[in-house]
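Hi,

Here is the structure I said I'd pass on. Have a look at it first, and my notes follow underneath.

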Amino acid sequence: MLKQRIFKIIQIGNRTDISSMCFDIFIIIVILANISVTFLQTFDEAAGYAGVMGIVEPVTMVIFLVEYLLRLWTADCLYPEKTYPAAVLRFAVSFYGVVDLLTILPYFCPFFIPSGAVAFRMLRVVRILRLFQINSRYDAFNVITEVLKEKRNALVSSIFLVLVLMLASSLCMYGLEHEAQPDHFSNAFSGIWWSVSTLLTVGYGDIYPVTIGGKLMAIVIAFLGVGMVAIPTGIISAGFVEYYTKIKVGNYSRHDADFITLHVAEGHPFTGVSLKELKLPQGLYPAVVLRGEDVYTPHQSLVLEEGDSLLLGTVSTAGPECRIEEVCLEPEHCWIGCRIKELDISRRVFIVMVKRGKENICPQGTTLLEEGDVVLLLEKM
């Protein structure tokens, strides 16, 4: 089907699909070219290249427009559980949908609303958000957003401490310096500007204390500022280390699980069949789908493709490219009562199935783990 094929090409690249990989590279080049032109247009020295930039900009914007229309057209492939209008609306209001729209609006709207051309040109800065699409296509960039999500509570707490310290120091400095420098410390806001430049170790020198008490306060605030800036830095650094190296399973029952690997070769009857349509022998269930270097959890809407490897429980082993283990959640296990999205596990480890009694649960981020569950982990070697 043409729509399904186009959807697979324009979505995040499949390393086994040459067309999809070429499209990813092409779009990244177009994004960088467009942003480079936007940047170079601010230089007077670039006036001699106005002709070239005048061609690059409209061409790249037309490409963005075509890509956006294709994404709207294939939105029902991205959200198969929704009707077509609902899927289009869901994509249009998503983060990347809004970024795509705001990228093309500043260029095309002045043609239809000339009186608002200046305002629309100001929105061109939104183009820089297209770089987030590079972030969505490469795992190395995705780690940044994942770490920020994982550590968001700690980061918010550290930012709150900085704000409290900034407010307290500004009020103290205003009280100490107002009489000596009424022009510089005329109100509490002047103290806030000084505290920001000091806490963030910028130190512009436009406002500084002259009294003994103010200088002593400035010394204390300068030392505290170094510590306050170091806190979020340490949180993010620790998050990167944990994300790549840690998997907390405790000293509980953990052993290799038995699986059979089924390769979907050329002409295999499973090619093009969704998991919900598979008719498997009694006692077997799909645990995970390996597609090149990508790992897919067995959602029922997932369609098998030529070259996929389908791991079925419970007969043989997963193969040399990965290892599957079972973690039994015995009493007092640290995972009991946690949702899967809250678990602190390595980037290379995937939870592919949760066994609960006689039930096999397909893992979701909101799945709540209970005592007695058997969690199946796949670790890429």
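Let's start with one lysine: is K3 buried or exposed? This is a predicted model, by the way. With a relative accessibility of 13%, K3 falls under the 20% cut-off, so it counts as buried. K3 also makes a salt bridge to D76, with 3.4 Å between the closest N and O atoms. K3 sits in helix α1 and D76 in helix α4 (residues 75-78), so this pair ties together parts that are 73 residues apart in sequence. D76, at 22% relative accessibility, counts as partly exposed.

Salt bridges turned out to be a good thread to follow: a search of the whole structure gives seven. Another one that involves helix α1 pairs the side chains of K8 and E305, at 3.1 Å from N to O. That pair links distant parts of the chain, with K8 in α1 and E305 in the loop between β4 (294-296) and β5 (309-313), 297 residues apart. Here the lysine K8 is partly exposed, with a relative accessible area of 29%, while E305 comes out as buried at 18%.

Then there is R356 with E370, where the closest N and O atoms are 3.6 Å apart. R356 belongs to strand β7 (residues 349-356) and E370 to the loop between β8 (359-361) and β9 (374-380), and 14 residues separate them. Both count as partly exposed, R356 at 22% relative accessibility and E370 at 38%. As for networks, K8, R291, E305 and D308 are joined into one by salt bridges that share partners.

Back to α1 for a moment. How does helix α1 pack with helix α3? The two, residues 2-10 and residues 50-73, meet at an angle of about 125° with their axes 10 Å apart. That makes α1 and α3 oblique to each other, and their crossing is left-handed.

On the surface, F160, L161, V164 and I231 make a nonpolar patch of about 360 Å². Helix α10 (residues 152-177) gives the most to this patch, with three residues. V164 lies in that helix, α10, and counts as partly exposed at 42% relative accessibility.

One last spot to click on is K276, in the loop between β2 (259-263) and β3 (285-291). K276 has 57% relative accessibility, so it counts as exposed. From K276 to V303 the C-alpha distance is 9.0 Å, with their positions 27 residues apart in sequence.

Cheers

Notes. Residues numbered from 1 in each chain as written. Predicted model: local features only at pLDDT ≥ 70, side-chain atom pairs only at ≥ 80, totals over all residues. Heavy atoms only, no water. Patch = residues over 30% accessible without salt bridge, like charges linked within 9 Å, V, L, I, M, F, W, Y side chains within 5 Å. Areas by Shrake-Rupley, 256 points an atom, 1.4 Å probe, with all protein chains shown as cover. Salt bridge = Lys/Arg side-chain N within 4 Å of Asp/Glu carboxyl O. Helix = DSSP H or I, 4+ residues; strand = E, 2+ residues; numbered from the N terminus. Buried < 20%, exposed > 50% of the residue type's maximum accessible area, 1.4 Å probe, protein only. Axes fitted to C-alpha atoms, helices over the stretch in contact; angles between N-to-C directions. Parallel < 35°, antiparallel > 145°, perpendicular 65-115°, else oblique. Left-handed = near helix turned anticlockwise from the far one by under 90°.
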